[in-house]
Amino acid sequence: MRKVKIRFIVTGMLIAALLLVTSIGASANPAKQYLFGLDTKIVSNTWEWLFAKSFQWYCEDNGYKWISNEAHGDPATQLTQARQMIAMGVDGLIICAQDSDAAAPIVDWATERNIPVFTTDADINHPGVKMYIGYSGYLAGQKLGEKLVEYLKNEVEPIGEVKGLVLEMRGPLGGASAIDRSEGFHSVIDKYPGVKVIQALGEFQETPAKESAESLLRRNPNIDALYSGNGPMCCGAIEAMKDLGIDPTKIFVATIDATPGVLNRIRTGEIDIAVDQPCPFYNPIAVYYMAKYLEEGESALPKEGEIVTAEDINISGRKHLGTDIWAAKTAWSPARVTKREGHLWFQTNAIEVTKKNCDAGYLWANIEVPGW
């Protein structure tokens, strides 16, 4: 990925300047023109850019003022930026935490001012968060595990039995998302003693994944399927297979994350399916519920155990960058409401990407972003 040229950095005098030029969507006329703030941990690729930009677009399209900051991967910077937004009197605050524990003081400071805090994509470990909006890597791993089992049962001899050799590309040891994505997969696949899983560590990066996969595949070339915890590792493993003369189109390949590289390999048949996070929806869903919370209080939030669908809440706005980024309602729906760290978790669905929809304009990896 090329380094982003557009940054959402708003501090000190820049905050005041931004407020003077904040756009207000003409399509909405809310009872009160709330000011919402977002502090995201980093903007270093297209996914993160759209994650942050969708907050701005949704606020403008629906008549809210906004402030958007980027912490550049620094927990201390995030604390400073959040405190500045609280001091200037935002009505609500959204945090994508760089460090789930280090960001906890933000919730305390906001609570003192009666400012609700929602979290998106990366949660804060604090019971005072009103709601976290994000998908579950564990459930994504489960979803792909089920797809893989279906393939082994119907396409691999002996037909009707779930047997075979599977290569798993796993993220860094100790990484929370790597653990979730692997454990979700194993919660399904480990039910079948006829399936042998060989595991390669890929550090969530393409080059280490290729090296690790090549080492394993030299000793175990006759794999039936590949499961990868993220897109770059999957691409690295596919390149390792090709270097060794293994045809990836002859096995079942499933990965989390539909990056541009993954979409290209879905088009060529080298990857069968990817599941992807609905990044354009996270912050709009947070804004939607934050406004309702300010109007109605705690009763406006969904309850633990509820299932929320696209028919229940309308996340929409104008076209941006030539596409309706909120067109794929099933990208996030249905969402299951659970709890984590003592607060609500709006656990979104993940979108399935195959040859049928890999060219869809609403997929983040297909959106042309200026400056990248």
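Four exercises with worked solutions follow, all on a predicted model.

**Exercise 1. The nonpolar cores**

Task: Find which residues have the most contacts inside the largest nonpolar core, and which helix gives the most to this core.

Solution:
- Start with the count. The largest nonpolar core has 103 residues.
- Rank by contacts inside it. Phe36, Leu148, Leu167, Met169, Leu226, Tyr289 and Phe346 have the most.
- Sort the members by element. Helix H10, residues 279-296, gives the most, with 11 residues.
- Look outside this core. Another core, of 19 residues, lies apart from it; Ile67, Val107, Ala110 and Val117 are among its members.
- Zoom in on Met169. Skip residues up to four places away in sequence. Met169 then touches Ala200, Ala209, Ala213, Leu226, Tyr227, Ser228, Gly229, Met233 and Ala237.
- Add the background. In soluble globular proteins, nonpolar side chains tend to be buried together.

**Exercise 2. A buried charge**

Task: Work out what the side chain of Glu168 makes a polar contact with.

Solution:
- Place the residue. Glu168 sits in strand E6, residues 164-170.
- Check burial and charge pairing. Glu168 is buried and has no salt bridge.
- Apply the cut-off. A salt bridge needs the nitrogen and the carboxyl oxygen within 4 Å. The nearest side chain of opposite charge, Arg170, is 5.1 Å away from Glu168.
- Turn to polar partners. The side chain of Glu168 makes a polar contact with the side chain of Gln199, at 2.9 Å.
- List the surroundings, leaving aside neighbours within four places in sequence. Glu168 is in contact with Ser182, Phe185, His186, Val197, Ile198, Gln199, Ala200 and Tyr227.

**Exercise 3. The buried face of H9**

Task: Determine where the buried residues of H9 fall, seen down the helix axis.

Solution:
- Pick out the buried residues. In helix H9, residues 260-267, Val262, Leu263, Arg265 and Ile266 are buried.
- Project down the axis. The buried residues of H9 fall within an arc of 165°, so they line one face of the helix.
- Recall the geometry. An α-helix has 3.6 residues a turn, so residues three or four places apart point the same way.
- Identify the cover. It includes helices H7 (206-219) and H8 (231-243), and strands E9 (252-256), E10 (273-276) and E14 (351-353).
- Step past the helix. Gly269 follows H9, and its phi is positive, near 85°.

**Exercise 4. Lys147**

Task: Classify the accessibility of Lys147 and name what it touches.

Solution:
- Place the residue. Lys147 is in helix H5, residues 137-155.
- Classify. Relative accessibility is 28%, so Lys147 counts as partly exposed.
- List contacts, again skipping residues up to four places away. Lys147 touches Phe252, Ile273 and Glu352.
- Check one pair. Lys147 and Ile273 are 126 residues apart along the chain, yet their C-alpha atoms are separated by 8.8 Å.

Technical notes. Residues are numbered from 1 along each chain as its sequence is written. This is a predicted model: local features need pLDDT of at least 70, side-chain atom pairs count only at pLDDT 80 or more; totals for chains, interfaces and linings use all residues. Side-chain values use heavy atoms; hydrogens and water are left out. A nonpolar core is a set of buried Ala, Val, Leu, Ile, Met, Phe, Trp, Tyr and Cys residues joined through side-chain atoms within 4.5 Å. Buried means under 20% relative accessible area, exposed over 50%, partly exposed in between (1.4 Å probe, protein chains only). Helices (H or I, at least four residues) and strands (E, at least two) are DSSP runs, numbered from the N terminus. Contact means heavy atoms within 4.5 Å. Lys and Arg count as positive and Asp and Glu as negative; His and the chain ends are not counted. A polar contact is a pair of N or O atoms within 3.5 Å; within protein, one must be able to donate a hydrogen and the other to accept it, and residues adjacent in sequence count only if both atoms are side-chain atoms. The arc is that of the directions from the helix axis to the C-beta atoms.
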